[in-house]
Amino acid sequence: MKIKAIKAVCMYDGGFMHQQFAFGGEGKEGTDDQIIYRSSLQNFLIDMGDEVILVDTGFQNDFAGPAKKLGGPLYMGEKKKDFMEAFAELGYKPEQVSKILITHKHPDHTGALQYFPNAKVYISSEDADAMKLPEGGNIIRAEYKESYKNFPRADKIADGLWFIEAKGHTKGNSIVILEHEDLYYMFHGDVTYCDAALKANKLSIIFEDVEAARETLDRVRQFIKDNPTVYLSTHCPEGYENLEMKRVMKI
């Protein structure tokens with residue numbers, strides 16, 4: 001199966017996060033709230049030639065987003081466009097999307113699901129239940145019947161495309177890995193909020209299971225050490241920059 005394109009669906013840019021927010025999941029000792037990192041919001045689209053797949057969706061249309069707050073831990077950035085506006089600018093129509101792979105339940109990753117009625121939605125059972133999604137129909141609850149590299153539980157979605165259990169940020173958190181042209185594209189949702197946290201081996205302050213989040217981050221870092229990986233973040237500009245440059249993460 002030939003990959004035609006991997007594209008970022010960008011909605012917010014020009015924001016910031018404090019180091020205490022980005023690094024403080026296992027304790028704020030040693031962090032500095034005067035250090036800030038860039039913030040943005042984007043999700044991703046994979047055109048596999050015979051089908052179009054989304055990894056997450058952004059907020060529902062007309063969501064305003066939180067205002068910039070002096071001293072606040074996170075400012076997502078200035079809103080550039082709604083998810084569906086950004087999606088349309090990539091040259092696609094909602095009916096072309098056949099699958100949506102959900103990393104986790106939060107509304108900046110699931111809010112626009114409603115606009116893709118023909119797509120099969122892949123999501124963990126825990127997060128599907130938390131969202132009160134119906135059983136059956138277009139909702140496909142992950143079974144994680146296989147292993148993938150150093151991840152013990154995964155589902156193969158298509159040739160070279162894997163939906164992988166990665167608990168911690170939420171109790172049903174998942175990541176997506178795509179193999180393409182000798183690179184591994186890791187769509188990780190919110191395993192880290194910025195690339196600096198990955199490099200520093202730090203968890204963010206938002207999680208549902210800190211022990212599972214630590215195990216997931218350890219597995220992610222080991223995978224990146226073992227495989228040439230383009231790390232695609234949702235909440236920092238490096239997400240779309242890494243994609244544009246096919247920049248391999250070094251840790």
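**Close-up views of a predicted model**

**View 1. Thr229 in strand S13 and its surroundings**. Thr229 has a relative accessible area of 0%, and because buried means under 20%, Thr229 counts as buried. The structure shown here, as in every view that follows, is a predicted model. The place of Thr229 is in strand S13, and its side chain reaches the backbone oxygen of Asn227 at a distance of 2.9 Å. Leaving aside residues up to four places away in sequence, Thr229 touches Tyr184, Met186, Phe223, Ile224, Arg247, Val248 and Met249.

**View 2. Helix H7 and the elements packed against its buried residues**. Helix H7 spans residues 238-245, and six of its eight residues are buried, so the helix is largely enclosed by the rest of the structure. Those buried residues are Glu238, Gly239, Tyr240, Glu241, Asn242 and Leu243. They pack against strand S1 (5-18), strand S2, strand S12 (183-187), helix H5 (195-200) and strand S13 (229-232), and S13 is also the strand that holds Thr229. Just after H7 comes Lys246, which takes a positive phi of about 50°.

**View 3. Strand S10 and the two strands that pair with it**. Strand S10, made of residues 161-165, is mostly covered, since five of its five residues are buried. In a regular strand the side chains alternate between the two faces of the sheet. In S10, Leu161, Phe163 and Glu165 point one way while Trp162 and Ile164 point the other way, and all of these residues are buried. Strand S9 (residues 151-158) pairs with S10 in the antiparallel sense over four bridges, and Ala158 stands opposite Leu161 in S10. The hairpin of S9 and S10 has two residues between the strands, and in this hairpin Gly160 takes a positive phi near 80°. Strand S11 (residues 174-180) also runs antiparallel to S10, to which it is joined by five bridges, and here Trp162 stands opposite Ile177 in S11.

**View 4. Aromatic pairs and an aromatic cluster**. With ring centres required to lie within 6.5 Å, the count of aromatic pairs comes to 15. In one of them, the rings of Phe23 and Tyr37 have their centres 5.4 Å apart and their planes at 20°, so this pair is stacked. Phe23 lies in helix H1 (residues 19-23) and Tyr37 in strand S2 (residues 36-47), so the pair ties together parts that are 14 residues apart in sequence. Both Phe23 and Tyr37 are buried. Tyr144 and Phe163 also form a stacked aromatic pair, with 6.2 Å from centre to centre and 5° between the planes. Tyr144 lies in the loop between strand S7 (139-141) and strand S8 (146-148), whereas Phe163 lies in strand S10, so this pair ties together parts that are 19 residues apart in sequence. Tyr144 and Phe163 are both buried. Tyr148, Phe151, Trp162, Tyr184 and Phe223 form one aromatic cluster, and two of its members, Tyr184 and Phe223, are among the residues that Thr229 touches.

**View 5. Met84 in helix H2 and the residues it touches**. Met84 is found in helix H2, which covers residues 83-89, and at 14% relative accessibility Met84 counts as buried. Not counting residues up to four places away in sequence, Met84 touches Asn61, Pro94, Tyr115 and Phe116. Met84 and Val97 are 13 residues apart in sequence, and the distance between them in space is 12 Å, C-alpha to C-alpha.

Definitions and conventions:
Residues are numbered from 1 along each chain as its sequence is written. This is a predicted model: local features need pLDDT of at least 70, side-chain atom pairs count only at pLDDT 80 or more; totals for chains, interfaces and linings use all residues. Side-chain values use heavy atoms; hydrogens and water are left out. Buried means under 20% relative accessible area, exposed over 50%, partly exposed in between (1.4 Å probe, protein chains only). Two strands pair if DSSP finds at least two bridges between them. Rings of Phe, Tyr and Trp (its six-membered ring) pair if their centres lie within 6.5 Å; planes under 30 degrees apart count as stacked, over 60 as edge-to-face and the rest as tilted. Contact means heavy atoms within 4.5 Å. A polar contact is a pair of N or O atoms within 3.5 Å; within protein, one must be able to donate a hydrogen and the other to accept it, and residues adjacent in sequence count only if both atoms are side-chain atoms.
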